[in-house]
Amino acid sequence: MKEDNITRINLDGRELILIGTAHVSRQSAEQVKEVIEAERPDSVCIELDEQRYQSVMDNNKWKETDIFKVIKEKKATLLLMNLAISSFQNRLAKQFEIKPGQEMIQGIESAKETGANLVLADRNIQITFSRIWHNLGWLGKGQLLTSVFFSIFSRETISEEELEKMKSQDTLNAVLAEFTESFPKLKTPLIDERDQYLAQKIKDAPGKKVVAVLGAAHVPGITKEIHKEHDLVGLAQTPPKSVVPKILGWIIPVLLIAIVAYTFIANPTAGFDQALSWILWTGTTAAIGAAIAFGHPLAILSAFIAAPITTLHPLIASGWVSGIVQAYYRRPNIGDFETLSEDVFTVKGFWHNKVTRILLVVVLTNLVGSLGAFIGGADVIRLFFKNF
């Protein structure tokens with residue numbers, strides 16, 4: 001049996017075997033099967049959480065998605081990001097004619113066949129996304145979204161030999177260094193914290209011999225962190241939200257309303273100009289965002305009507321309004337969820353599928369509309385100083 005990409009750790013009389021895999025590699029899946037059958041471990045740990053495990057085991061899970069609930073719970077951006085990231089992996093998997101995450105599926109099947117305990121060792125993906133989002137400023141969030149979307153539609157292909165080379169620790173460290181150079185705050189929640197979480201779960205797995213199926217990027221960190229104790233409860237907490245954005249979210253709208261109200265009293269014509277500028281800037285940009293997403297005409301109209309009001313209310317967003325209208329008039333059917341994994345491969349598919357279309361309406365209405373709010377607010381202040 002080849003020992004490539006296998007790390008063996010002896011810890012307190014137990015043997016921990018880490019298999020570093022590439023998530024769309026046929027060789028990785030074959031190696032997982034070979035190692036588990038040869039080693040007959042007491043436990044098999046896989047780099048999945050409960051949510052992703054259920055998704056892997058039930059391909060029809062998408063059909064149960066309540067798109068209205070996704071919008072109301074403010075998870076449209078999270079779902080769109082999840083789809084965007086997975087689409088890149090799916091495209092590579094399609095290139096090599098292998099099921100995405102096949103090595104994890106193989107780990108599950110081999111654990112059942114050998115009678116080993118199956119341990120879901122990764123942190124909840126929503127908590128990871130929340131901690132990533134919390135660590136990025138507005139500029140970083142914009143850069144990350146842009147980078148993710150460019151990766152979706154990149155037509156670049158790689159050879160299977162290059163894919164296998166990605167599993168070497170030196171290459172991975174180099175790739176990681178380049179990635180974290182652009183997003184230095186991303187490494188902690190995406191890699192470091194999950195290394196700690198995975199290491200503790202592997203260490204806590206029952207039995208004298210444990211096999212862990214992991215993305216190769218995590219192996220160096222886990223090898224270091226497994227000798228330490230880590231607080232799983234603390235690592236699984238959603239980061240506390242700062243009160244500053246909430247305070248500013250109320251103060252800025254109140255100030256803008258006060259400025260317009262004062263101007264109306266002192267100079268009704270100037271006050272009318274301010275109000276009109278605000279309505280046109282916020283409404284038009286939000287409508288443009290919905291139109292870029294090819295939203296339903298009524299979704300575009302609702303974005304225009306809602307934006308001047310919702311931009312002054314921190315608890316409501318124009319994208320939620322336009323998204324709900326889009327979902328009402330272009331409700332996804334079972335076929336849209338069935339073809340979702342294929343449609344996210346291309347720009348055309350991303351805009352054609354009713355599920356992703358709704359998510360795009362929500363995100364682009366909010367994103368482009370926020371630009372209009374900045375410009376509109378600045379214009380209100382400009383007109384105030386111009387007239388007084």
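**Exercise 1. Helix α10**

Task: Where is α10 kinked, and by about how many degrees? Then check the length of the helix and list its buried residues.

Solution.
- Step 1. In this predicted model, α10 has a kink of about 30°, and Arg-194 is at its centre.
- Step 2. Helix α10 covers residues 187-204, which is 18 residues. At 1.5 Å a residue, the expected span is 26 Å. The end C-alpha atoms lie 24 Å apart, so expectation and model agree.
- Step 3. The buried residues are Pro-189, Ile-191, Glu-193, Arg-194, Asp-195, Tyr-197, Leu-198, Ala-199, Gln-200, Ile-202 and Lys-203. The kink centre, Arg-194, is thus on the buried list.
- Step 4. Asp-195, also buried, can be related to Ala-217. These two are 22 residues apart in sequence, and their C-alpha atoms are 9.3 Å apart in space.
- Step 5. Ala-217 sits in the loop between β5 and α11 (219-225). Its relative accessibility is 33%, so Ala-217 counts as partly exposed.

**Exercise 2. The sheet around β5**

Task: What is the strand order of the five-stranded sheet, and which strands stand at its edges? Then describe how β5 pairs with β2 and β3.

Solution.
- Step 1. The order is β1-β2-β5-β3-β4. The sheet is open and its pairing is mixed.
- Step 2. The edges are β1 (6-11) and β4. Each has a single partner strand, so one side of each has no neighbour in the sheet.
- Step 3. Neighbouring strands are turned against each other by 20° on average, with direction ignored.
- Step 4. Take the β2 side of β5. Strand β2 (residues 14-21) runs parallel to β5, and seven bridges join them. Thr-21 has Gly-215 of β5 as its bridge partner.
- Step 5. Take the β3 side. Strand β3 (residues 43-46) also pairs with β5 in the parallel sense, over four bridges. Val-44 is opposite Val-211 in β5. Cys-45 is opposite Ala-212 in β5.
- Step 6. Now the cover. Strand β5 (residues 209-215) has seven residues, and six of them are buried.

**Exercise 3. Helix α5 and the glycine after it**

Task: How many residues of α5 are buried? Is Gly-115, which follows α5, buried or exposed?

Solution.
- Step 1. Helix α5 (residues 102-114) has 13 residues, with an expected span of 18 Å at 1.5 Å a residue. Its end C-alpha atoms are 18 Å apart, which agrees.
- Step 2. Ten of the 13 residues are buried, so to speak a mostly covered helix. The buried set includes Gln-102, Met-104, Ile-105, Ile-108 and Thr-114.
- Step 3. Gly-115 follows α5 and has a positive phi, near 75°. Gly-115 belongs to the loop between α5 and β4 (117-120).
- Step 4. The relative accessible area of Gly-115 is 62%, so this residue is exposed; the cut-off for exposed is over 50%.
- Step 5. Gly-115 and Asp-42 are 73 residues apart along the chain, yet 7.9 Å separates their C-alpha atoms.

**Exercise 4. Nonpolar cores**

Task: Which helix gives the largest share of the largest nonpolar core, and which core members touch the most others?

Solution.
- Step 1. The largest core has 21 residues. Ile-67, Leu-80, Ala-293, Trp-351, Leu-359 and Leu-360 touch the most other members.
- Step 2. At least two residues each come from α3 (67-72), α4 (76-95), α19 (347-352) and α20 (354-387).
- Step 3. The largest share, eight residues, is from α20.
- Step 4. Another core, of 17 residues, lies apart from this one. Its members include Leu-16, Val-119, Leu-198 and Ala-205.
- Step 5. The general pattern: nonpolar side chains tend to be buried together in soluble globular proteins.

**Exercise 5. Two buried polar residues**

Task: Which residues does His-296 touch, and which does Asp-379 touch? Leave out residues up to four places away in sequence.

Solution.
- Step 1. His-296 is in the loop between α14 (268-292) and α15 (297-310). At 13% relative accessibility, His-296 counts as buried, because the cut-off is under 20%.
- Step 2. The contacts of His-296 are Gln-326, Tyr-329 and Arg-330.
- Step 3. Asp-379 is part of helix α20. Its relative accessible area is 16%, so Asp-379 is buried too.
- Step 4. Asp-379 touches Ser-277 and Trp-281.

How values were computed. Residues are numbered from 1 along each chain as its sequence is written. This is a predicted model: local features need pLDDT of at least 70, side-chain atom pairs count only at pLDDT 80 or more; totals for chains, interfaces and linings use all residues. Side-chain values use heavy atoms; hydrogens and water are left out. The expected span of a helix is 1.5 Å times one less than its number of residues. The bend at a residue is the angle between axes fitted to the seven residues ending there and the seven starting there. Buried means under 20% relative accessible area, exposed over 50%, partly exposed in between (1.4 Å probe, protein chains only). Two strands pair if DSSP finds at least two bridges between them. A nonpolar core is a set of buried Ala, Val, Leu, Ile, Met, Phe, Trp, Tyr and Cys residues joined through side-chain atoms within 4.5 Å. Contact means heavy atoms within 4.5 Å. Axes are lines fitted to C-alpha atoms, for helices over the stretch in contact, and angles run from 0 to 180 degrees between N-to-C directions.
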